[in-house]
Amino acid sequence: MAQVTVTIDGKQYRMACDEGQEEHLVDLANRFDRYVLHLKDSFGEIGDQRLTVMAGIMVMDELSELQKRVKGMETEVLTLRKTRDDALTKADKNDAALTGALGSLAERMEQLALSLTKKA
């Protein structure tokens, strides 16, 4: 297990993570630190714990909004897939009908050709 040191609100925290995830963990900590610094700039020194809780709630709010968007996109993808499948089914039926019509037409043309050759 790897370990990294991250800095949030000027304080360092040593954290463990899976091998190869060090850069990702540092990036997440930096992003969270930006939330804390934004709140600190907005509200001043209101206490580390309160700033951390408020930043956590902001992150969860953002996550909630993203989850709603993903759910909406998943619904849209399902609708698009159904529309595509319906269109493909309709196209297959149209192809079958066209093939049948062309087959009948070819048969009638052959019969006409035979009757014309018999008359000649």
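Student: Why is Asp85 called partly exposed?

Tutor: Good place to start! Buried means under 20% relative accessible area, exposed over 50%, and partly exposed in between (1.4 Å probe, protein chains only). Asp85 has 37% relative accessibility, so Asp85 counts as partly exposed. Please keep in mind that this is a predicted model, in which local features need pLDDT of at least 70, side-chain atom pairs count only at pLDDT 80 or more, and totals for chains, interfaces and linings use all residues. Residues are numbered from 1 along each chain as its sequence is written, and side-chain values use heavy atoms, with hydrogens and water left out.

Student: What makes Arg84 and Asp85 a salt bridge?

Tutor: A salt bridge is a side-chain nitrogen of Lys or Arg within 4 Å of a carboxyl oxygen of Asp or Glu. For Arg84 and Asp85 the N to O distance is 3.0 Å, so the pair fits that rule. By this rule the count comes to seven salt bridges.

Student: Which salt bridge links distant parts of the chain?

Tutor: One such pair is Asp48 and Lys11, whose side chains meet at 3.1 Å, N to O. Asp48 is in helix H2 and Lys11 in strand S2, 37 residues apart. Helices (H or I, at least four residues) and strands (E, at least two) are DSSP runs, numbered from the N terminus. Asp48 has 36% relative accessibility, so Asp48 counts as partly exposed; Lys11, at 33%, also counts as partly exposed.

Student: Which residues are linked with them in a network of salt bridges?

Tutor: The network links Asp9, Lys11, Lys40, Glu45 and Asp48. Within it, the side chains of Lys40 and Glu45 meet at 3.2 Å, N to O.

Student: Why is Glu45 called exposed?

Tutor: Its relative accessibility is 62%, so Glu45 counts as exposed.

Student: And Asp9: buried or exposed?

Tutor: Asp9 has 11% relative accessibility, so Asp9 counts as buried. This residue lies in the loop between strand S1 (2-8) and strand S2 (11-17). Leaving aside neighbours within four places in sequence, Asp9 is in contact (heavy atoms within 4.5 Å) with Asp33, Val36, Leu37, Lys40, Asp48 and Leu51.

Student: Why is Leu102 called partly exposed?

Tutor: Leu102 has 49% relative accessibility, so Leu102 counts as partly exposed. Leu102 is placed in helix H2 (residues 48-119).
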